[in-house]
Amino acid sequence: MNSKNNKNESLIKHIDGLISELNIVRNHVLNSDLQTASEYTDGIVTGSEELRDKIEENDN
């Protein structure tokens, strides 16, 4: 059970990181800095794919 909790905690940290990245993108969009916002979205896409993979691993 403890192992499952550790895996879930790791997922939560990953999700929190993605939320932080989204907030950075939001701030750049609000400041009309769309180039930088676009660059951060690349990281969000990669992070989302990694999160999906981790969730699938934990589900097995």
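Here's a quick briefing on how two helices, α1 and α2, sit against each other in this structure. Bear in mind that the model is predicted. Helix α1 covers residues 2-30, helix α2 covers 34-59, and S32 is found in the loop between them. The two helices pack at an angle of about 165°, and that makes α1 roughly antiparallel to α2, since angles over 145 degrees count that way.

**Helix α1**

- With 29 residues, α1 reaches 42 Å from its first C-alpha to its last, close to the 42 Å expected at 1.5 Å a residue.
- Its buried residues are L11, H14, L18, V25 and H28, so two histidines are on that list along with leucines and a valine.
- As for what covers those buried residues of α1, α2 is included.
- For a bit of background, an α-helix has 3.6 residues a turn, so residues three or four places apart point the same way.

**Helix α2**

- α2 has 26 residues and spans 37 Å from first C-alpha to last, close to the 38 Å expected at 1.5 Å a residue.
- On this helix the buried set is T36, A37, I44, G47 and L51.
- Those buried residues of α2 pack against α1, while α2 in turn helps cover the buried residues of α1.

**How the pair packs**

- The axes of α1 and α2 are 9 Å apart, at that angle of about 165°.
- Going by handedness, α1 passes α2 in a left-handed crossing.
- Sorted by class, the contact of α1 with α2 has 13 nonpolar, eight polar and four charged residues.

**The loop and S32**

- α1 is followed by S32, which is found in the loop between α1 and α2.
- S32 has a positive phi of about 60° although it is not a glycine.
- As a rule, most residues other than glycine have a negative phi.
- S32 counts as exposed because its relative accessible area is 62%, and the cut-off for exposed is over 50%.

**Residues worth a look on α1**

- N27 lies in helix α1 and is partly exposed, with a relative accessible area of 40%.
- Computed along the chain in residues, N27 and D16 are 11 apart, and their C-alpha atoms are 17 Å apart in space.
- L30 is also placed in helix α1, but this leucine is exposed, with a relative accessible area of 57%.
- L30 and L51 are 21 residues apart in sequence, and C-alpha to C-alpha they are 27 Å apart in space.

**Residues worth a look on α2**

- T41 is found in helix α2 and is partly exposed, because its relative accessible area is 31%.
- T41 and I19 are 22 residues apart along the chain, with their C-alpha atoms separated by 12 Å.
- N58 is found in helix α2 as well, and it is partly exposed, with a relative accessible area of 27%.
- Leaving out residues up to four places away in sequence, N58 touches K7 and L11, and L11 is one of the buried residues of α1.
- N58 and V25 are 33 residues apart in sequence and 29 Å apart in space, C-alpha to C-alpha; V25 is another of the buried residues of α1.

Terms used:
Residues numbered from 1 in each chain as written. Predicted model: local features only at pLDDT ≥ 70, side-chain atom pairs only at ≥ 80, totals over all residues. Heavy atoms only, no water. Helix = DSSP H or I, 4+ residues; strand = E, 2+ residues; numbered from the N terminus. Expected span 1.5 Å × (residues − 1). Buried < 20%, exposed > 50% of the residue type's maximum accessible area, 1.4 Å probe, protein only. Contact = heavy atoms within 4.5 Å. Axes fitted to C-alpha atoms, helices over the stretch in contact; angles between N-to-C directions. Parallel < 35°, antiparallel > 145°, perpendicular 65-115°, else oblique. Left-handed = near helix turned anticlockwise from the far one by under 90°. Nonpolar A, V, L, I, M, F, W, Y, C, P; charged D, E, K, R; others polar.
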